[in-house]
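Subject: A structure for you to explore

Hi there,

Here is the structure I promised to pass on to you. Have a look around first, and then read on for what turned up in it.

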Amino acid sequence: MKDGYFLAKNNEVMSLINTISSFEWDTFSDSWNDLDLDNYMSDRSTYRYRRHAVFTCKKYTKDIIQLHNVPHYQSSQYNALNGDIERWYKPIANKIVGSSTFGLLIEHAMKIFNLREINHLLDNWLSWYIEVHQFRIIANDNMDGKPTPEGIHKDGVSYIFMLTICKKI
């Protein structure tokens with residue numbers, strides 16, 4: 001860990017992705033075409049689409065349990081643009097959550113975050129609360145894409161694992 005973040009090396013990411021069949025990867029990445037407009041954007045924008053899922057996992061285990069009917073919530077302390085409201089999104093599709101691709105990515109993130117070197121400061125907690133967001137940000141010649149319209153911010157969480165899937169349409 002350097003300066004508060006890890007950056008996966010290309011060979012680490014490629015070795016993970018190479019374990020996934022092209023059909024599984026296409027199914028996984030194509031699921032970003034089935035997201036709903038994020039109607040909670042206080043700037044009334046139409047450039048962000050999303051689905052959401054919540055899980056819990058005991059620390060140092062692989063016992064991941066999906067929680068249902070849980071909103072996404074951030075206080076305005078962390079999100080001045082869209083904070084202090086429960087945001088209810090359509091859940092990530094079961095075929096995606098249950099896919100081997102999703103499982104491998106969650107397992108990879110858990111390996112990173114379960115490292116004792118980064119957790120020694122947090123030894124008093126016993127489980128992870130995991131929020132997974134599928135975002136699709138639309139950008140074109142007529143519309144700027146704004147992945148963080150509220151600007152540089154902190155999400156109020158301990159760790160973030162981010163995978164960017166780029167497709168030119």
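Let's begin with a small group of charged residues: Asp38, Arg48 and Arg50 are linked in a network of salt bridges. Please keep in mind that this is a predicted model. Within the network, the side chains of arginine 48 and aspartate 38 meet at 3.4 Å, N to O. Arginine 48 belongs to strand 2, while aspartate 38 sits in the loop between strand 1 and strand 2, 10 residues away. Aspartate 38 also pairs with arginine 50, with the closest N and O atoms 3.1 Å apart. Arginine 50 is in strand 2 as well, so this second pair ties together parts that are 12 residues apart in sequence.

Are these charged residues buried or exposed? Both arginine 48 and aspartate 38 are buried. For aspartate 38 the relative accessible area is 1%, and arginine 50 is buried too, at 2%.

In total, the structure holds 4 salt bridges. Another of them joins the side chains of aspartate 36 and lysine 90, at 3.5 Å from N to O. Aspartate 36 lies in strand 1 and lysine 90 in the loop between strand 5 (85-87) and helix 3, so the pair connects parts that are 54 residues apart in sequence. Here the partners are partly exposed: aspartate 36 has a relative accessibility of 32%, and lysine 90 has a relative accessible area of 42%.

Now for the overall picture. The protein has 5 helices and 6 strands, and from the N terminus on they run α-α-β-β-β-β-β-α-α-α-β. Of its 169 residues, 30% are buried. The protein exposes about 11500 Å², and carbon and sulfur atoms supply 54% of that.

Next, the inside. The largest nonpolar core has 23 residues, and those touching the most other members are Phe28, Phe55, Phe102, Trp128, Ile130 and Val132. Helix 2 (22-30), strand 2 (48-58), helix 3 (94-97), helix 4 (100-113) and strand 6 each supply at least two residues of this core. Which element gives the largest share? That is helix 4, with 7 residues. Phenylalanine 55 is a nice one to click on: leaving out residues up to four places away in sequence, its contacts include Val97, Phe102, Trp128 and Ile130.

Some nonpolar residues are found at the surface instead. Ile65, Leu67 and Tyr129 form a nonpolar patch there, with about 280 Å² of accessible area together. Isoleucine 65 is part of strand 3 (residues 64-67).

Two single residues are worth a visit. Asparagine 69, in the loop between strand 3 and strand 4 (72-74), has a positive phi of about 55° although it is not a glycine. Most residues other than glycine have a negative phi. Asparagine 69 is exposed, with a relative accessible area of 72%. The other is aspartate 144, in the segment after strand 6 (127-137). Aspartate 144 is exposed at 60%, and its C-alpha atom is 8.0 Å from that of tyrosine 47, although the two are 97 residues apart along the chain.

Finally, how far can you trust the coordinates? The average pLDDT is 81, and 81% of the residues score at least 70. Among the elements, strand 1 (residues 36-37) has the highest mean pLDDT, 96, and helix 5 (residues 116-119) the lowest, 52. Where pLDDT is low, the predicted coordinates should not be read in detail.

Enjoy exploring!

Terms used: Residues are numbered from 1 along each chain as its sequence is written. This is a predicted model: local features need pLDDT of at least 70, side-chain atom pairs count only at pLDDT 80 or more; totals for chains, interfaces and linings use all residues. Side-chain values use heavy atoms; hydrogens and water are left out. Helices (H or I, at least four residues) and strands (E, at least two) are DSSP runs, numbered from the N terminus. Buried means under 20% relative accessible area, exposed over 50%, partly exposed in between (1.4 Å probe, protein chains only). pLDDT is the predictor's confidence in each residue, from 0 to 100. Patches are made of residues with over 30% relative accessible area and no salt bridge: like charges are joined within 9 Å, nonpolar side chains (Val, Leu, Ile, Met, Phe, Trp, Tyr) within 5 Å. Accessible areas come from the Shrake-Rupley method with a 1.4 Å probe; for residues, only the protein chains shown count as cover. A nonpolar core is a set of buried Ala, Val, Leu, Ile, Met, Phe, Trp, Tyr and Cys residues joined through side-chain atoms within 4.5 Å. Contact means heavy atoms within 4.5 Å.
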